[in-house]
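User: I should like to understand how the terms used to describe a protein model are justified. Please explain the reasoning behind each one.

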Amino acid sequence: DFSHFPPFPGSQLPCFHGSSTIRHLKERFHMNLTEEQLQLLVEQMVDGSMRSITTKLYDGFQYLTNGIM
């Protein structure tokens, strides 16, 4: 729950200016979903990532440049 976050009125960081910051965080973290819905969403995201060409390209890049697989 993001309700305990302060509004950051004195922050000089541009990402905290405007009233949409907390709303966007809630949307990004899917705060409106149930545990079951969230589990399904994460499984779909992982499955999509595993089949993605960009994931495969990035994994290859990491392997070649850093030995990470």
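Analyst: The following exchange sets values from this predicted model against the definitions behind the terms.

User: What is the secondary structure of the chain?

Analyst: The chain has three helices and zero strands, and along the sequence the pattern reads α-α-α.

User: Why is glutamine 62 called buried?

Analyst: Buried means under 20% relative accessible area. Glutamine 62 has a value of 12%, and therefore it counts as buried. This residue lies in helix 3. Across the chain, buried residues make up 6% of the 69 residues.

User: Why is methionine 50 called exposed?

Analyst: The term exposed requires a relative accessible area over 50%. Methionine 50 reaches 57%, so it is exposed. Methionine 50 belongs to helix 2, which covers residues 35-50. Together with Val42 and Val46, Met50 forms a nonpolar surface patch whose accessible area is about 280 Å².

User: What makes the link between the side chains of glutamine 62 and tyrosine 58 a polar contact?

Analyst: A polar contact needs a pair of N or O atoms within 3.5 Å. The side chains of glutamine 62 and tyrosine 58 are joined at 2.8 Å, which satisfies that limit. Beyond its neighbours within four places in sequence, glutamine 62 is also in contact with Gly67 and Ile68.

User: How do you know that the span of helix 3 is close to the expected one?

Analyst: Helix 3 comprises 14 residues, from 53 to 66, and reaches 20 Å from its first C-alpha to its last. The expected span at 1.5 Å a residue is 20 Å, and the two values are close. Just after helix 3, glycine 67 adopts a positive phi of about 70°.

How values were computed
Residues are numbered from 1 along each chain as its sequence is written. This is a predicted model: local features need pLDDT of at least 70, side-chain atom pairs count only at pLDDT 80 or more; totals for chains, interfaces and linings use all residues. Side-chain values use heavy atoms; hydrogens and water are left out. Patches are made of residues with over 30% relative accessible area and no salt bridge: like charges are joined within 9 Å, nonpolar side chains (Val, Leu, Ile, Met, Phe, Trp, Tyr) within 5 Å. Accessible areas come from the Shrake-Rupley method with a 1.4 Å probe; for residues, only the protein chains shown count as cover. A salt bridge is a side-chain nitrogen of Lys or Arg within 4 Å of a carboxyl oxygen of Asp or Glu. Helices (H or I, at least four residues) and strands (E, at least two) are DSSP runs, numbered from the N terminus. Buried means under 20% relative accessible area, exposed over 50%, partly exposed in between (1.4 Å probe, protein chains only). The expected span of a helix is 1.5 Å times one less than its number of residues. A polar contact is a pair of N or O atoms within 3.5 Å; within protein, one must be able to donate a hydrogen and the other to accept it, and residues adjacent in sequence count only if both atoms are side-chain atoms. Contact means heavy atoms within 4.5 Å.
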